[in-house]
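Q: Could you take me through one part of this model up close? I'd like to know what sits where and what it sits next to.

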Amino acid sequence: MESPAPNARGDAGSGNVPAGFDGHRLVPLATALLDADGRVLHWSEDAERLLGWSAEEIVGRFAAPLLAVPGRHGDVLKLYERILVDRRWSGVFPVRHKDGHPVELDFRTYGIAGPGGRPLVLATGAEVRAVRQVEADLAVLDGFFTQSPIGMAVYDTELRFVRLNQALAEINGMPVEDHLGRRIDAVLPGLNATEIEAVMRQVLTTGRPVVDARSYGRTPGDPRRDRAWSASYFRLADPEGRVLGVSSSLIDVTERFQAEARAARAQERLAMLAEATARIGTTLDMQRTAEELIAAVVPRFADFATVDLLDPILRGEEPGLLAPDEGVLLRAVAAGEAYGGGLTSAADAIGATSAYESNRVYTKSLRSGRPLHVPQVDEEKLRAIAAREERVQPALDAGLHSYLLVPLRARGMVLGGAEFVRTRNPEPFSEGDVALAEELVARTAVSIDNARLYRRERDTALTLQRSLLPQEIHRTLGLEIAYRYLPSSVVSEVGGDWFDVVPLSCGRVALVVGDVMGHGIRAAATMGQLRTVARTLATLDMAPAQVLARLDETANGIGEGQFATCVCVVYDPVDRSCILASAGHLPPVVMGPDGDAQVLPVSPGVPLGVGGVAFENTEFTLREGAILALYTDGLVERRGADIDLGIDLLRQTLASRGRTLEAHCDAVVSALVRGGSEDDVAMIMARALPLPRDRIATLPLTGEGPVPSRARRFTRATLAAWGLTPLADFAELLVSELVTNALVHGGEPVRLRLFRDRTLTLEVADTGRQTPRLRPAGSEDEGGRGMYLVNELAHRWGSRPTNDGKVVWAELELPLGS
């Protein structure tokens, strides 16, 4: 609040006009000096303005003939003689203006002694009408000033009180006279005097009034309560523009101010709640969500805040009820401090734990789910709150004076607690603050619980996904293989990408890469089913197109909306031939021995799960030293970019000679997976290698002579050369039966091939299309038992179609150490 101050001559109670507020500036006051004979010796400017006679015209002449109105000359002379005798007179008397009209003047005359003691008369006069108007105006103004219930004050140019009314004195709780001649900061030190005087100086300087300037604080009249006032200021100046001071009027607006303050705080809380809602829970990460709450409340709401979670929650476990006789173990996940007051160093470090016994107020608050609100904290209360005794004094030293704990609750279960502390902010936490904190913490708790659930689901899906991926890639003869599998960098996303390397008969290998559309546990489970079926079908020596056709049926049977893309390649190391089929998958990239990488033109097909569409086989040869790259779309697809650009970048990155296969994989990942991928990435690279001569032997079965005997001799000689003589007897018998079966049932035998890899494979190619099978043979039948013998002697056996007929094969396990 503010008030007025007098100058040294002012008298606020009397209503006198203060020094500097000259009366003649308001009403012209004529003065004249006359000798005893009535001759004019001095004539003022105001006398000239009132009566029209200039000093040059009237000084030295007798006044009565010039100034007496017609018929009053004698009265003038009698009055003058009286004045000379009594030496003082006052009253109203008419005087003639130069132009002849009478002017009523209110006179004051004084007899004085001139040089040599000669008598002189000093006369002053003011126009009666002007004087009466001024008196009436002053009476109105004085009544307004003294009787107004609004506080009013006048200040001089030094901003000292010149005058103030009783209403202002009562507001300030001080007598009027205690204000006069003093400035606001001396009279009322509990106010914002610096701001008030800055406003008044602005008014003095610019002349522009200021309306509804707020002042606030405490006065001697109400020293225990903050109050607020609305003041208006205007500059005081005389008609000639001389600045005399500042006047103010003010009214008490404490209730309105408090209502506005409450509304402003409520609006600020709403704004804070809206901002916090937008920034809390942006990720599915528990610690990041807790950090977002801290960032939202420090320093706007609290000077220091922490978030602690129950230890099982951080492990993704389901929250449970807190037992009434058990304590709690909490782990710090986020903390923040506004002013570096030392509370952060006194609290738990991130990742550290604190144990609270069952009878502590912290534990009771968590167990009940209700906030712990301590508006005014003292040492005794702080000892009850703090987890450890050594934290009490640092908290007191930091200025902790108000405390609030709000349990983090989701789905009716407690996840942890959020603490809020005020040190520099002088306001204690109010009930409104508690409600705001509960709302913020509730939103945070829901986000943290969602993050926990997503984390548990992701961990489950990852475990399922990883268990279904190949745990070991067996070394394949004639083919070097490298692979990469990169889970999505998005925390909540687990994809259905998979790859597999399936060893087949006769040294062949199937390479499979697939991608189930969608994410999560369902996608991972679908991936597992499709991978298992694909692996099984490939081992049955089915062509890739047949494998995809059966996978399509499987995808249809899993459920509606389960789609996947897949590419399957069968590689034969003997002639480096490849048979490939695609089900809506991205095209492979092949880098030739010369380093030139190109996209392989294949029929793309449709995704698995569409149903009723045939798939096509594409045959090509992988030249020695060439590299075949199979991959999922997570490697080359980026949001907002054409997928062809990603494929082209893969091709360019792969086109480099001199790298190892592992180096090729690393280069591709570095170039295409920058900053993480939004989808899983599965990739296989296979390089064709020369086949060792001591691993394969081939005998054409065309020409003259007994074919079975030639085949047996070739087999025994080859096994002797390979150091596998212990297998010679079994191998001879199996070869004899396979060749004989081809002669009897399969048409003309074409070729015998022996292949030594993880097992010894014996295969016979013929021109027939009929698949061998076990047939029942009677006790008197001379034949029909050959395939039974093969089935008993071989580790496993089978057949597969070729372009010219079929191949029937049988495997023998190698001796240990071979």
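A: Sure, and keep in mind that this is a predicted model. Let's start with T526, which is buried because its relative accessible area is 4%, and the cut-off for buried is under 20%. T526 is found in helix 17, which covers residues 521–539. Leaving aside residues up to four places away in sequence, T526 touches V516, I558 and Q562.

Now for a strand. Strand 6 covers residues 151–155, and 5 of its 5 residues are buried, so strand 6 is largely enclosed by the rest of the structure. Here's a handy bit of background: in a regular strand, the side chains alternate between the two faces of the sheet. In strand 6, G151, A153 and Y155 are on one side, while M152 and V154 are on the other. Both of these faces are covered, with the residues on each of them buried.

What does strand 6 pair with? One partner is strand 10 (residues 243–252), and the two pair in the antiparallel sense over 5 bridges. In that pairing, G151 stands opposite L250 of strand 10. Another partner is strand 7 (residues 161–164), again in the antiparallel sense, over 3 bridges. Here A153 stands opposite L164 of strand 7.

Strand 6 and strand 7 also form a hairpin, with 5 residues between them. Have a look at L159 in that turn: its phi is positive, at about 65°.

Key
Residues are numbered from 1 along each chain as its sequence is written. This is a predicted model: local features need pLDDT of at least 70, side-chain atom pairs count only at pLDDT 80 or more; totals for chains, interfaces and linings use all residues. Side-chain values use heavy atoms; hydrogens and water are left out. Helices (H or I, at least four residues) and strands (E, at least two) are DSSP runs, numbered from the N terminus. Buried means under 20% relative accessible area, exposed over 50%, partly exposed in between (1.4 Å probe, protein chains only). Contact means heavy atoms within 4.5 Å. Two strands pair if DSSP finds at least two bridges between them.
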